[in-house]
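The following exercises ask the reader to examine a protein model and to reason from its geometry. Please inspect the sequence and the coordinates before attempting them.

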Amino acid sequence: MVVPSAASQEMAPESLPLGIIPTVDMSAPSGRGELERRLVRACAERGFFKAVNHGVPARAAARLDAAASAFFARPEQAKQAAGPPDPLGYGSRNIGTKGDVGELEYLILHADPAAVARKARVIDAEDPSRFRVAVNEYVDAVRRLTCRVLDLLGEGLGLRDPTSLSRLISAVDSDSLLRINHYPTSADALPGPGDRSCTAEDAKSGNSNGGANGTIGFGEHTDPQIISVLRANDVDGLQVLLPDGRGGGGGEWVQVPADPAAFFINVGDLLQALTNGRLVSIRHRVIASTSRPRLSTIYFAAPPLHARISALPETVAAGTPRRYRPFTWSEYKKAMYAHGRLSHNRLDHFLASGDDDDDR
């Protein structure tokens with residue numbers, strides 16, 4: 001079942017009503033302390049929020065949108081030169097290693113400026129600097145927003161070092177990525193794996209369905225990284241699975257109203273593990289529009305491959321024992337690629353046993 005989101009409004013101090021997608025004003029009109037509390041509550045109760053007055057320049061978003069739209073408008077052969085996604089580069093429909101498909105084409109780029117420059121040579125062979133400048137300007141602005149959110153969460157969680165989360169993504173060898181998704185209308189055919197058409201059985205492999213609202217653009221999943229920062233054009237499609245309040249693990253799919261002036265931020269698997277489950281990695285999906293193309297850009301904030309992911313000491317207590325065993329981001333990525341489809345709960349492979357000791 002898919003329900004429309006309740007009217008967008010900034011969160012009240014009490015717990016969120018069912019079905020509400022929280023809106024957080026990053027300009028902190030009620031003060032920094034209240035902003036910290038709102039962010040923690042949003043990430044603990046929903047794992048997702050809409051950020052307004054975020055400080056990312058509109059020109060940076062507009063420039064990247066223009067560069068991305070120009071790339072996706074190129075002939076198919078020219079786009080294929082930027083692929084295949086292994087995992088970086090251009091891809092179409094085939095979005096997972098276990099057969100997951102979707103109605104979209106996409107670019108996946110490493111957020112490192114040097115890596116962007118190398119890929120820009122095939123993405124925009126006519127003027128590589130045009131694409132490189134647009135991506136790097138956008139990534140720089142969104143990374144600063146991401147670090148601010150993580151520092152505020154660190155303060156709101158009472159961490160001894162509130163910057164410990166943001167330092168994971170500001171590291172020189174951060175594994176952060178930028179993904180640009182283009183969902184054409186249903187009338188615009190996309191080439192799929194083997195240049196075949198997408199069948200109804202293919203759509204089912206996303207382990208989700210769009211109900212009466214359309215076909216699956218990107219199937220149900222959680223994001224594996226620390227945090228994801230999404231911006232899209234004015235076309236609806238994003239849906240999030242919000243808890244139903246009955247405590248049975250169920251929930252309802254809620255349509256997220258489009259707002260190209262805002263950013264939509266969600267908790268990833270690593271942040272859930274780092275906070276010992278206090279902040280929740282939310283399940284979400286995208287339904288392809290039948291009338292207008294959707295363009296979305298997601299910054300996936302990730303640590304270096306060697307970074308050790310372990311519950312922060314402040315989140316572990318007698319009443320809240322360690323939920324996950326320590327692991328590195330590299331180990332998590334390998335498990336992610338090795339086990340199941342996008343919709344599978346990857347953190348289940350890292351549940352702690354009674355014998356786990358974080359100091360080993």
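Five exercises follow, each with a worked solution.

The model is predicted, so local features are given only at pLDDT of at least 70 and side-chain atom pairs only at pLDDT 80 or more, whereas totals for chains, interfaces and linings use all residues. Residues are numbered from 1 along each chain as its sequence is written, and side-chain values use heavy atoms, with hydrogens and water left out.

**Exercise 1. The sheet**

Task: Determine the order of the strands in the open sheet and identify its edge strands.

Solution.
- Step 1. Strands (E, at least two residues) and helices (H or I, at least four) are DSSP runs numbered from the N terminus. Two strands pair if DSSP finds at least two bridges between them.
- Step 2. Following the pairs gives an open sheet of 8 strands in the order S2-S3-S11-S8-S13-S6-S5-S4, with mixed pairing.
- Step 3. Strand S2 (23-25) and strand S4 (89-94) pair on one side only and are the edge strands.
- Step 4. On average, neighbouring strands of this sheet are turned by 25° against each other, direction ignored.
- Step 5. At the S4 edge, the partner is strand S5 (residues 101-110), joined in the antiparallel sense over 5 bridges. In this pairing Gly89 stands opposite Ile108 of S5.

**Exercise 2. A strand inside the sheet**

Task: Establish how many residues of S8 are buried, and which residues lie on each of its faces.

Solution.
- Step 1. Apply the accessibility classes: buried is under 20% relative accessible area, exposed over 50%, and partly exposed in between, with a 1.4 Å probe and protein chains only.
- Step 2. Of the 6 residues of S8, 6 are buried, so the strand is largely enclosed by the rest of the structure.
- Step 3. One face carries Ile227, Val229 and Arg231, and the other carries Ser228, Leu230 and Ala232; all are buried.
- Step 4. S8 runs antiparallel to S11, with 4 bridges between them, and Ile227 stands opposite Val267 of S11.
- Step 5. S8 is also antiparallel to S13, through 6 bridges, and Leu230 stands opposite Ile298 of S13.

**Exercise 3. Helices on the sheet and on each other**

Task: Locate H1 and H2 relative to the sheet, then classify the crossings of H2 with H5 and of H4 with H5.

Solution.
- Step 1. Axes are lines fitted to C-alpha atoms, for helices over the stretch in contact, and angles run from 0 to 180 degrees between N-to-C directions. Contact means heavy atoms within 4.5 Å.
- Step 2. Helix H1 (residues 32-45) lies across S2, strand S3 (48-52) and strand S11 (263-267), at about 145° to S3. Helix H2 (residues 58-72) packs on the sheet, touching S4, S5, strand S6 (177-183), strand S8 (227-232) and strand S13 (294-301), and its direction makes about 115° with that of S13.
- Step 3. The axes of H2 and helix H5 (residues 128-156) come within 9 Å and cross at roughly 140°. H2 is therefore oblique to H5; angles under 35 degrees count as roughly parallel, over 145 as roughly antiparallel, 65 to 115 as roughly perpendicular and the rest as oblique.
- Step 4. The residues in contact include Arg59 and Leu64 of H2, and Phe131 and Tyr138 of H5.
- Step 5. The axes of helix H4 (residues 113-123) and H5 come within 8 Å and cross at roughly 140°, so H4 and H5 are oblique to each other. Among the contacting residues are Val116 and Arg121 of H4, and Phe131 and Val135 of H5.

**Exercise 4. Cis peptide bonds**

Task: Find where the peptide bonds preceding Pro84 and Pro87 are placed, and give their omega values.

Solution.
- Step 1. Gly83 and Pro84 are joined by a cis peptide bond with omega of about -5°. Pro84 is in the loop between helix H3 (76-80) and S4.
- Step 2. The bond from Asp86 to Pro87 is cis as well, with omega near -5°. Pro87 lies in the loop between H3 and S4.

**Exercise 5. Positive phi**

Task: Decide whether Asn53 and Asn276 are buried or exposed.

Solution.
- Step 1. Most residues other than glycine have a negative phi.
- Step 2. Asn53, in the loop between S3 and H2, has a positive phi of about 50°. Its relative accessibility is 51%, so Asn53 counts as exposed.
- Step 3. Asn276, in the loop between helix H8 (269-274) and strand S12 (284-287), has a positive phi of about 55°. Asn276 is buried because its relative accessible area is 6%.
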